[in-house]
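Visitor: Before we look together, I would like to ask how the words used for a structure are justified. Please take me through the reasoning step by step.

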Protein chains: 2
Amino acid sequence: MPLSRAKIAATAIRLADVHGLDGLSVRKIAKELGIGPMRLYDYVVNRSELLDLMVDAVYARIAEAGQRSEWRATVLAIAHATRDAALDHEWFADLLGGRPHLGPHALAVGESTAAALSQAPGVRGIDDLQRALGAINAFVIGAVRREVTERRTARSTGTDLTAWQATLGPYLTRMLETGRYPTVARLVVDGAHLDAEETFDHTLTTILDGITSQPRT
Amino acid sequence: MPLSRAKIAATAIRLADVHGLDGLSVRKIAKELGIGPMRLYDYVVNRSELLDLMVDAVYARIAEAGQRSEWRATVLAIAHATRDAALDHEWFADLLGGRPHLGPHALAVGESTAAALSQAPGVRGIDDLQRALGAINAFVIGAVRREVTERRTARSTGTDLTAWQATLGPYLTRMLETGRYPTVARLVVDGAHLDAEETFDHTLTTILDGITSQPRT
DNA sequence: TCCCTTACCGTACGCTGTATTTCGTGGATA
DNA sequence: TATCCACGAAATACAGCGTACGGTAAGGGA
């Protein structure tokens, strides 16, 4: 099997899944492929373009989820697929929103989302569409990032309470015991572990409701 | 003036403002301060902790904006202050949502936001509060990141249409001319340049409305 | 006066992305 | 068949990174 952009991207993705984005280097990808590091630059101009390649490969999977018959179902499907992708490939969350996503599959996802939103009842002109797209994109980006970071710290500190207290505790509990952050303290102590997917879906629905029932400003 | 964490953070922020996060290195900060690179590690354990320092310094400015008398005004003020901070310090947007923000000032901002939201009419229990906080945090993170990236690409490609077409055009216009992305094409061609701050405010208001008028799930 | 502790700094290592040079090999020509 | 060329791949080189470590200079106590 000859070398190709797709194969390079696949290998890079595999490595990034295991070692994270910081643990990903051109040299390691090359070694994994059994070639010299410079070979990669015959297929890619930059390390940055390599990341773009990886990102678009993930968007390819997201694009498969789109295109339901109903606009709302389409938007929800894409949002959930994006979230799922980021949970499978946490580095994807690091890149999300950090660069313009202009690969063919990213554009396809954008097209599906935009097309769906343009059929929503409250979206009347192109300005409304732009706003609606911006709103749901912003939420998805932020929510996914938040969830991934949360998951990472939970993993690194240990998931159970005692281990958590041993790691972040000394600092954080001391902070919370100052009494200067009562509400945060209440959230940390009493806060239940809400189902992440359900919360995601719920908030997204709320935003969609807000968009569709919006009187023109 | 002796060396201190605050002074280090201030210098690092100044450098990052000019050269971005990628152009920021321990060595450059040290050189700017006229000391050896290793001196910094007497005040900071990691490069990562240095970033935390910078982030919390920015949160200090954000915290000043909070604490209005009305809950909604407070949330809006904090959100706008966060956005303003990210526009002043674009690297802040790169870090936003990417790590847990546990510095004292970040906690203070979290406290103000949470306290405000807990007084919103639709927020009844701690679960509601957690959800509401998550929703507006997610939106702010995503929206700010989006806007900063947009601003960056606009700056790098040039702001006027012809320069833009010369840079991204060859690829993007070809893409759009395939006809596979009609809605995106319409957005790019006909899309007006909406006022970013106004859009931010508008969407945020929509989300707040959605939260406060939410029937319990 | 001598020693010890403490604070500080320069050097060094292994890594990064990438530009450039060298090398090995297959094919074409004399 | 012998020779040369061209071209693709690999090795080397360079500047910069975060940071571990060893040495040194300064100041206080015996």
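Guide: In this predicted model, helix α2 (residues 26-33) of chain B supplies the largest share of the surface near DNA strand D, namely 3 residues.

Visitor: What makes a residue count as near DNA strand D, and which residues are around the strand?

Guide: The C-beta atom, placed from the backbone, has to lie within 6 Å of the strand. The residues around DNA strand D are, from chain A, A:Ile35, A:Gly36, A:Met38 and A:Arg39, and, from chain B, B:Ser25, B:Val26, B:Arg27, B:Lys28, B:Pro37, B:Met38, B:Asn46 and B:Arg47. By class, this surface has 5 nonpolar, 3 polar and 4 charged residues.

Visitor: How do you know how the two copies, chain A and chain B, are related?

Guide: Laying chain A on chain B takes a turn of 180° and a shift of 0.0 Å along the axis, and the RMSD is then 0.0 Å. The copies are therefore related as by a two-fold rotation axis.

Visitor: Why is it said that the copies meet through the same surface?

Guide: Because 100% of the interface residues of chain A are also interface residues in chain B, the copies meet through the same surface. With contact taken as C-beta atoms within 7 Å, 52 residues of chain A are in contact with 52 residues of chain B.

Visitor: Which helix gives the most to the side of chain A that touches chain B?

Guide: That is α7(A), with 18 residues. The residues of this side of chain A divide into 23 nonpolar, 19 polar and 10 charged.

Technical notes:
Residues numbered from 1 in each chain as written. Chains lettered and ligands numbered in written order. Predicted model: local features only at pLDDT ≥ 70, side-chain atom pairs only at ≥ 80, totals over all residues. Helix = DSSP H or I, 4+ residues; strand = E, 2+ residues; numbered from the N terminus. Nonpolar A, V, L, I, M, F, W, Y, C, P; charged D, E, K, R; others polar. Least-squares fit on C-alpha atoms with pLDDT ≥ 70 in both. Contact = placed C-beta atoms within 7 Å.
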